[in-house]
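Colleague: Got a minute to go through this structure with me? I'd like to poke at a few spots.

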Amino acid sequence: ELGPYSHFMQKEIHEQPKAIADTAEVFLDGGFNPENFGKNAREVFGSIDSIKILACGTSYYSALTSKYWLESIAKIPADVEIASEYRYRDVIADPKQLVITISQSGETLDTMEALKYAQSLGQTHSLSICNVMESALPRESELVLYTRAGAEIGVASTKAFTTQLVVLFGLAVTLGKLRGHVSDEQAQAYTEELRQLPGSIQHVLNLEPQIAAWAQKFAKKTSALFLGRGIHYPIALEGALKLKEITYIHAEAYPAGELKHGPLALVDENMPVVVIAPNDVLLDKVKANMQEVGARGGELFVFTDLDSNFNESEGVHVIRTPRHAGVLSPIVHTIPVQLLSYHAALARGTDVDKPRNLAKSVTVE
Ligand code: M6R
């Protein structure tokens, strides 16, 4: 079943070009049409004025990423909340809000209960983004679009995350078109980006030996910091979660602009700092943040694009993803942090596919 791979996690990381292509097919074949999300989706999408996304763990990070797309592409207010928090607080219900749940398994108890709570408050419009057909969350939701990642066995989520991002991007463009913020020409450009995405992912996978070499250094550390800004901040969060889940190394993620507000105190020569730094409008800001780290002796491990002007120097290591992926860059930059954690876990000899204390599907509170 594993073929040439040593673990399901490694296999699932390498399945991403196909999983992403399969998931994107719905938009590549069917266009950015509301009907992809269900028969009455056009009516539902036309009636909403904001979005609330509820999820746990990695699925929560895909939700956080999508907030940037939803607000910049579809110009619709989007709010993201951890399901176990939402379900126990006083919520001001808004019937014109679409409640989206994101879940690989479709069976996560807190996410399910959060959806039921929203419904009990009169939130009738719901969309489930899920990887398991006919599981509890899609059954309970008005609309559904399945990710086509195939079965995910490793406890650490990989291909489910990146395919969720594909669906969420497709949702943002669909809503943007419907709301008059995305022209046909722009939609065509987004289609092209999606079409090229599997190829870009394959290019990053080819960097595995370089990333594995970095991982040897991480394996010896007790702590690591992940930084990103804007839409890449959730990718830093995802990188930190992957590292702690499978290597048991303490890892934290921060928006790089927050360094001075506390985490910089942690930085010294023993603290590796991973930076997700694609060539976007925030790159100069990120570089300034990196200098703050460098000045404290922190060792920097930077994932960036081919066309950004970074140079390796004392204490600054750089791996370039081979193409600039534009608006889909968070998806491309997820792959290196997955591989980094995987190889650090291998070096530490942990149980990669079944990390201690964790279950694949969390059906208890
Ligand atoms: O099945 P779900 O997407 O609802 O699961 C949510 C989390 O339990 C899950 O993403 C968890 O955080 C993963 N182990 C992360 O790798």
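Colleague: Which residues is Asn36 in contact with, leaving aside its neighbours within four places in sequence?

Modeller: Bear in mind that this is a predicted model. Asn36 is in contact with Val26, Phe27, Gly30, Gly31, Val144 and Leu145, leaving aside its neighbours within four places in sequence.

Colleague: And where does Asn36 lie?

Modeller: Asn36 is in the loop between helix H2 (16-30) and helix H3 (41-47).

Colleague: Is Asn36 buried or exposed?

Modeller: Asn36 counts as buried, because its relative accessibility is 17% and the cut-off for buried is under 20%.

Colleague: How far is Asn36 from Thr174, C-alpha to C-alpha?

Modeller: They are 9.4 Å apart in space, with their positions 138 residues apart in sequence.

Colleague: Let's move to the aromatics. How many aromatic pairs does a search of the whole structure find?

Modeller: The search finds 10 aromatic pairs. One of them is Phe37 with Phe45: the ring centres are 5.4 Å apart and the planes are at 65°, so that pair is edge-to-face. Both Phe37 and Phe45 are buried.

Colleague: Which residues form one aromatic cluster with Phe37 and Phe45?

Modeller: Phe27 and Phe32 belong to that cluster as well. Phe27 came up a moment ago as one of the contacts of Asn36.

Colleague: What about Trp214 and Phe303, how are their rings arranged?

Modeller: Trp214 and Phe303 make a tilted pair, 5.1 Å centre to centre with 40° between the planes. Trp214 is in helix H10 (residues 208-218) and Phe303 is in strand S9 (residues 299-305), so the pair ties together parts that are 89 residues apart in sequence. Trp214 and Phe303 are buried.

Colleague: Which charged ends sit over rings?

Modeller: Two examples. The charged end of Lys287 is over the ring of Phe310, 5.1 Å from the ring centre. The charged end of Arg356 is over the ring of Tyr248, 3.8 Å from the centre.

Colleague: Stay with Tyr248. What is its phi?

Modeller: Tyr248 has a positive phi of about 65°, although it is not a glycine. Most residues other than glycine have a negative phi. Tyr248 is in the loop between helix H11 (233-247) and strand S7 (250-255), and it is partly exposed at 24% relative accessible area.

Colleague: And Lys75, what is its phi?

Modeller: Lys75 has a positive phi of about 55°, and it is not a glycine. Lys75 is in the loop between helix H4 (57-72) and strand S2 (78-82). Its relative accessible area is 46%, so Lys75 is partly exposed.

Colleague: Changing topic: the ligand. Which residues come nearest?

Modeller: There are 15 residues around the ligand, and Ser59, Ser103, Gln104, Thr108 and Glu245 come nearest.

Colleague: What polar atoms do the ligand oxygens approach?

Modeller: An oxygen atom of the ligand is 3.1 Å from a polar backbone atom of Thr58. At Ser157, a polar backbone atom is 2.8 Å from an oxygen atom of the ligand. With Lys242 the side chain is involved: one of its N or O atoms is 3.0 Å from a ligand oxygen.

Colleague: How much of the ligand's accessible area does the protein cover?

Modeller: The protein covers 91% of the 420 Å² that the ligand has on its own.

Colleague: Now Val99. Where is it, and what does it touch?

Modeller: Val99 is in strand S3 (residues 97-103). Leaving aside neighbours within four places in sequence, Val99 is in contact with Lys52, Leu54, Leu115, Ala118, Gln123, His125, Ser126 and Leu127. Val99 counts as buried at 1% relative accessibility.

Colleague: Same two questions for Val293, then: which helix, and which contacts?

Modeller: Val293 is in helix H12 (residues 283-295). Not counting residues up to four places away in sequence, Val293 touches Leu227, Leu259, Leu264, Val267, Val273, Gly298 and Leu300. At 0% relative accessibility, Val293 counts as buried.

Colleague: Last one: what does Ser200 touch?

Modeller: Ser200 touches Arg323 and Val332, not counting residues up to four places away in sequence. Ser200 is in helix H9 (residues 184-205) and is buried, with a relative accessible area of 8%.

Key. Residues numbered from 1 in each chain as written. Predicted model: local features only at pLDDT ≥ 70, side-chain atom pairs only at ≥ 80, totals over all residues. Heavy atoms only, no water. Helix = DSSP H or I, 4+ residues; strand = E, 2+ residues; numbered from the N terminus. Buried < 20%, exposed > 50% of the residue type's maximum accessible area, 1.4 Å probe, protein only. Contact = heavy atoms within 4.5 Å. Phe/Tyr/Trp six-rings, centres within 6.5 Å; stacked < 30°, edge-to-face > 60°. Lys NZ or Arg CZ within 6 Å of the ring centre and 35° of its normal. Near = heavy atom within 4 Å. Polar contact = N/O pair within 3.5 Å; in protein donor to acceptor, adjacent residues only side chain to side chain. Areas by Shrake-Rupley, 256 points an atom, 1.4 Å probe, with all protein chains shown as cover.
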